[in-house]
Structure formats: C-alpha cells, structure tokens
Amino acid sequence: MKPLDKIDQKILMCLQSDGRMSNTDLAKKINLSPTPCLERVRKLEKTGYIESYHAKLSAVKMKANFMTFMTIKLDQTNENLFDDFKLAVDNIDEIVECHMVGGGFDYILKIRTETMEEFRTLMGKRLAELPGVLSTSSFFVMEETKNTRFYKVPSS
C-alpha cells in the first residue's frame, strides 16, 4: 500500500476533528478543489484508513458517567471459552470495551453505568454470570484526564 501523502494526512486530521465537515469545507481547509478532495476521501474509505463516522455522545446525558475498568482472569484458556466469553460480553450493553490481554489476567473491560449502585447490581447479576471467570478486580475512575479517539496520522 502506498504511503499517505501530505494531503491525505491533512484530510485524516480534519475528519478526526469533525467527521461531519462538508466536502466543500474540507476542500477549503486542505487547499484542494472539492472534486479531487472527495475522490481522496473515498479512496481513504475504500482502503480502510477511514472505517466509519461517529457522533460522540455525552456520558452524563446518556446516564453512563460512572466508569469502571475490570480485569478478568479465566479459569482456563481455550478457544471455546474465549468464544463463549466474547459472546456473553457482547450482550451486555454497559460493557463498552473489552480487550484480551497478556499478563496477569485475560481481559480488561471498560464498563459504563450511571452510578456505583447500578454497577453493583450489574456486577451481582450479569457480570457474575460471565462464562469461565475465576477472578475479577474492579477499578473505579475518579477523574478522566484524557479520552480521545484521535490517532497520530503517520507521515510518509
């Protein structure tokens, strides 16, 4: 795959900041006419640099402002259990991220609820039923100091 040139890099940086930016406004920002700008955006989408566009919602307004990270150690490690675990996690809306990791535990979950009480209820009911869980540790976020989905755009 051909490396990104300076114009593609600018497009990606602009769209990370404002995915709803019109093609005309984007073209002005990067000093390109609208037609070639749109062609480049479509090429970046087609080649997978741009996967999708999203709205960032307010955690407070969505009643999801209490954030917990949970580590999970499974009682065994095999493909069937991994698949069962992933399927179960996928069905719990409050789990907004799940990452399989190497080290002292198997998974890290990012969980969003409205309150500590709601988390405790979730923990006692649905999280306790996750398949193959040997142990868990929960870490409650006191202050979110950085939350971004911005990536450093690689230079050529």
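Helices here are DSSP runs of H or I with at least four residues, numbered from the N terminus. With that settled, C37 belongs to helix α3. Every view below comes from a predicted model.

**View 1. The largest pocket and the residues around its centre.** This pocket holds about 1600 Å³ of space. Its lining runs to 44 residues, with H54, A55, K56, T148 and R149 lying nearest the centre. Three elements each give two or more residues to that lining: α1 (6–17), β2 (95–100) and β3 (107–113). Helix α1 has the largest share, at 4 residues. If you're thinking about the chemistry of the wall, the lining splits into 20 nonpolar, 10 polar and 14 charged residues.

**View 2. Helix α1 and the side it turns inward.** Helix α1 is 12 residues in length and covers 17 Å from its first C-alpha to its last, close to the 16 Å expected at 1.5 Å a residue. Its buried residues are D8, Q9, I11, L12, C14 and L15. As a reminder, an α-helix has 3.6 residues a turn, so residues three or four places apart point the same way. What do the buried residues of α1 pack against? Their partners are α2 (23–29) and α3 (34–46).

**View 3. C37, tucked away in α3.** C37 sits in helix α3, and its relative accessible area is 0%. Buried means under 20%, so C37 counts as buried. Which residues does C37 touch, leaving aside its neighbours within four places in sequence? The list is I11, N23, L26, A27, I30 and L32. One of those partners, I11, is itself a buried residue of α1. For a sense of scale, the C-alpha atoms of C37 and K110 are 37 Å apart, with their positions 73 residues apart along the chain.

**View 4. K29, on the outside of α2.** Helix α2 carries K29, which counts as exposed because its relative accessibility is 56%, and exposed means over 50%. Beyond its neighbours within four places in sequence, K29 is in contact with C14 and M21. C14 is one of the buried residues of α1. Another of them, I11, has its C-alpha 8.7 Å from that of K29, although the two are 18 residues apart along the chain.

**View 5. The largest nonpolar core, with L109 as a guide.** This core has 17 residues, and the members that touch the most others are I72, L109, I111, L127 and L130. At least two residues each come from β1 (66–74), α4 (79–90), β3 and α5 (116–124). Nonpolar side chains tend to be buried together in soluble globular proteins. Zooming in on L109, and skipping neighbours within four places in sequence, the contacts are T68, F69, M70, I72, V89, I95, E97, C98 and L130. A second, separate core has 14 residues, among them L4, A27, I30 and V153. A27 and I30 also turn up among the contacts of C37.

**View 6. T68 and K110, a pair in contact across β1 and β3.** T68 has its place in strand β1, while K110 lies in strand β3. Are these two buried or exposed? T68 counts as buried at 0% relative accessibility, and K110 also counts as buried, at 12%, because the cut-off for buried is under 20%. Neighbours within four places aside, T68 is in contact with L109, K110, I111, F119, S138, F139 and F140. On the same terms, K110 is in contact with M67, T68, F69, E94, I95, V96 and E97.

**View 7. Two loop residues with positive phi.** Most residues other than glycine have a negative phi. N31 has a positive one, near 60 degrees, without being a glycine. Where is N31? It lies in the loop between α2 and α3, and at 66% relative accessibility N31 counts as exposed. K63 has a positive phi too, about 60 degrees, and is likewise not a glycine. The loop between α3 and β1 is where K63 is found, and at 52% relative accessibility K63 counts as exposed. Both values clear the cut-off for exposed, which is over 50%.

Notes. Residues numbered from 1 in each chain as written. Predicted model: local features only at pLDDT ≥ 70, side-chain atom pairs only at ≥ 80, totals over all residues. Heavy atoms only, no water. 1 Å grid on protein atoms, 1.4 Å probe; cavity = no way out; pocket = protein on both sides within 12 Å on 5 of 7 lines; lining within 4 Å. Points joined across faces, edges and corners; volume = space filled by probe spheres on them. Nonpolar A, V, L, I, M, F, W, Y, C, P; charged D, E, K, R; others polar. Core = buried A, V, L, I, M, F, W, Y, C linked by side-chain atoms within 4.5 Å. Buried < 20%, exposed > 50% of the residue type's maximum accessible area, 1.4 Å probe, protein only. Contact = heavy atoms within 4.5 Å. Expected span 1.5 Å × (residues − 1).
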